[in-house]
Amino acid sequence: MGTRGKPLGTDRNLTSYGDVEFSRYLRRAFLASAGFDREDLDRPVVGIADTASDYTTCHRHMRELVEAVKRGVLEAGGLPLVFPTTSLGEIIISPTSMLYRNLMAMETEEMLRAYPMDAAVLLGGCDKTVPAQLMAAVSADVPAISLVTGPMTTGHWRGERLGACTDCRLYWARYRAGEIGDEEINEIRQNLFPSSGTCMVMGTASTMACLTEALGFMLSGGAAAPSGSADRLRIAVKTGREAVSLARSGVLPKQILTRSAFENAMKVLMAVGGSTNAVIHLTAIARRCRIELTLEDFNAASEAVPLLVDCKPAGKNFMEDFHRAGGVPVLLKSLAPLLDLSAPQVTGRTLGQLIEETQGPASWQSVIRTLEDPLGGTGSLTALKGTLAPDGAVVKRSAATASLLEHRGPAIVFESPEDVAARIDDPSLAITPDHVLVMRNGGPIAAGMPEAGSMPIPRYLAEKGVKDMLRISDARMSGTARGAAVLHCSPEAAAGGPLALVENGDLIEIEVKKKRLDLLVPEGELARRRASFCRPALPDRGWRRLSAEHVLQAHLGADLDFLAPL
Ligand code: FES
């Protein structure tokens with residue numbers, strides 16, 4: 001029992017038999033069968049959410065991490081109990097892991113609430129796992145701390161360093177353009193993913209790890225230590241120890257994930273040149289905390305913070321280089337004048353106290369820059385609005401060809417990601433570099449929002465050396481990708497957004513400086529088209545049906561309406 005009479009440890013959340021004493025007696029009897037004695041069962045319980053799966057190759061060394069966390073919990077006097085949850089392997093799951101982020105969040109929330117635990121360690125890594133776990137922890141209202149598997153080490157091919165998946169896409173584009181052949185592309189395939197861990201560029205997984213550390217929900221230095229490294233194991237042991245402190249202090253996720261924490265995280269997102277997906281995930285996590293983040297908030301952060309981290313895809317280095325240069329703690333030191341230093345951390349200290357003990361970027365490295373000597377200007381991500389996206393859309397300026405960000409061109413329309421795959425290389429479409437590739441039905445309702453927004457350049461243009469075109473969709477783009485891709489158009493086409501009304505040849509204008517995205521078609525003509533618009537049929541059953549009926553639009557975080565209290 002706790003000091004205020006509330007059950008603690010294994011006595012929490014008793015199974016319902018209509019007899020509390022019997023429930024406690026039976027639970028302890030079953031736990032005794034696993035070799036636990038009274039001394040064990042009177043300790044604070046730390047639940048460890050294990051997302052190992054043969055399908056999630058990014059988590060393949062999770063067993064070792066779990067053991068390290070358990071060691072830390074035991075050293076600090078706690079009782080570690082490991083439990084499995086949904087695991088989302090980004091590249092292996094169909095049609096897209098984003099369709100299942102909310103399912104994982106819902107399942108993890110229920111497990112956190114249903115099993116007895118005084119605190120939880122959430123082990124994730126691959127793209128959607130970390131945001132799903134943060135959403136779950138907030139809603140379950142259980143003290144929790146995040147630990148990621150860490151990034152892979154860098155691959156090599158014929159003297160070049162390779163980063164998944166920026167270089168997967170780069171070399172695939174070169175293969176499509178005929179610049180390299182079958183032998184080369186197959187050799188590259190064998191070297192893109194040389195170790196366990198998450199993609200080793202500043203893609204979505206790395207971005208979300210950095211943001212989780214910036215939010216104060218992870219131990220300092222926990223985001224970037226490579227998978228399988230001694231640093232990664234030491235962070236895991238320390239996380240286990242910290243979880244026991246958390247179990248004793250009872251600090252809840254909402255006490256850490258404050259408005260200040262989210263403001264800081266948005267600034268870190270811009271400083272690392274991070275993934276557009278983070279806009280959706282941060283918005284969803286914040287809404288679970290009853291904090292509203294708008295696209296204007298992201299624009300304000302973008303305009304205030306220059307690019308400070310030299311990692312692919314915005315730069316040239318990799319996560320292991322970022323880690324060697326000091327990782328998130330050194331970056332936070334650089335950013336300190338722009339941050340709210342009163343933001344609380346999972347350790348009970350403030351961000352300011354943490355930063356006080358950290359040195360700024362060392363002179364021997366160039367991966368983490370200072371505000372006085374940034375790698376790039378401000379504005380790495382920009383949210384746009386206009387007649388084509390009344391509720392907003394997002395473009396990653398730092399990954400796009402600058403001339404395409406102020407552009408007017410005729411639309412060529414694809415009905416879905418499948419339609420793109422079927423027709424993009426059809427020469428009869430006569431696509432020119434000035435065309436604007438438009439894809440609809442890639443949004444949260446229509447398709448679970450796959451990373452299909454960075455449509456391939458038509459092969460016949462790629463072969464002529466065209467590397468980038470303006471692409472617009474209601475889908476997402478991988479955080480590892482480059483290109484002038486306007487994403488997350490909201491409302492999506494399936495919800496009746498203007499994207500549904502675009503026809504081949506319509507003029508589209510993007511003016512990133514003015515934050516505008518417009519469909520240059522008279523309103524009378526749009527009204528005529530709108531009158532014949534039919535919403536696509538919803539999936540007939542199961543999770544896909546539930547998701548399609550309840551998922552919110554991208555600018556609201558694409559959570560389910562009944563899970564997001566705002
Ligand atoms: Fe798992 Fe990139 S595929 S992090």
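**Entry 1: the sheet near the start of my list**

Before anything else, a term I needed: two strands pair if DSSP finds at least two bridges between them. I should also note that I am looking at a predicted model.

With that in hand, I looked up a sheet made of four strands. It is an open sheet, its strands run in the order E2-E1-E3-E4, and the pairing is parallel. Which strands sit at the edges? They are strand E2 (79-84) and strand E4 (144-148), and each of these pairs on one side only. I also checked the twist, which averages 20° from one strand to the next.

Then I picked one pair from this sheet. Strand E1, residues 45-50, pairs with E2 in the parallel sense, and I found six bridges between them. For one of the partners, I went to valine 46 and found proline 80 as its bridge partner in E2.

**Entry 2: the whole protein**

I stepped back to see the whole thing. The protein has 21 helices and 16 strands. Its C-alpha trace spans about 75 × 60 × 45 Å along the principal axes.

Why call the size right for a compact globule? With 566 residues, such a globule would have a radius of gyration near 24 Å, and the protein has 24 Å, so the two agree.

I looked at the inside and the outside too. Of the 566 residues, 59% are buried. The accessible surface comes to about 21800 Å², and 52% of that belongs to carbon and sulfur atoms. As for contacts with a separation of 6 or more, 75% of them come from residues 24 or more positions apart.

**Entry 3: lysine 312**

Next I went to a single side chain. Lysine 312 is in the loop between strand E7 (306-307) and helix H14 (319-324). Is lysine 312 buried or exposed? Its relative accessibility is 16%, and the cut-off for buried is under 20%, so lysine 312 counts as buried.

What does its side chain meet? I found a polar contact of 2.9 Å between the side chains of lysine 312 and aspartate 167. Leaving aside neighbours within four places in sequence, lysine 312 is in contact with Arg161, Thr166, Asp167, Val201, Met202, Asn317 and Phe318.

**Entry 4: strand E12, seen from both faces**

A reminder to myself: in a regular strand the side chains alternate between the two faces of the sheet. I tried this on strand E12, residues 436-439. Val436 and Val438 are on one side, Leu437 and Met439 are on the other, and all are buried, so I wrote down that both faces are covered.

E12 also has strands to pair with. Strand E11 (residues 406-414) pairs with E12 in the parallel sense over four bridges, and here alanine 411 stands opposite valine 436. E12 pairs with strand E13 (residues 470-473) too, in the parallel sense and over four bridges. In that pairing, leucine 437 stands opposite arginine 471.

**Entry 5: glutamate 75**

My last stop was glutamate 75, in helix H3 (residues 62-75). How much of glutamate 75 is accessible? Its relative accessible area is 44%, which makes it partly exposed. Apart from neighbours within four places in sequence, glutamate 75 is in contact with Val237 and Arg241.

I also jotted down how glutamate 75 and threonine 149 are placed: they are 74 residues apart in sequence and 21 Å apart in space, C-alpha to C-alpha.

Definitions and conventions:
Residues numbered from 1 in each chain as written. Predicted model: local features only at pLDDT ≥ 70, side-chain atom pairs only at ≥ 80, totals over all residues. Heavy atoms only, no water. Helix = DSSP H or I, 4+ residues; strand = E, 2+ residues; numbered from the N terminus. Axes fitted to C-alpha atoms, helices over the stretch in contact; angles between N-to-C directions. Buried < 20%, exposed > 50% of the residue type's maximum accessible area, 1.4 Å probe, protein only. Polar contact = N/O pair within 3.5 Å; in protein donor to acceptor, adjacent residues only side chain to side chain. Contact = heavy atoms within 4.5 Å. Rg over C-alpha atoms; globule rule 2.2 N^0.38 Å. Areas by Shrake-Rupley, 256 points an atom, 1.4 Å probe, with all protein chains shown as cover.
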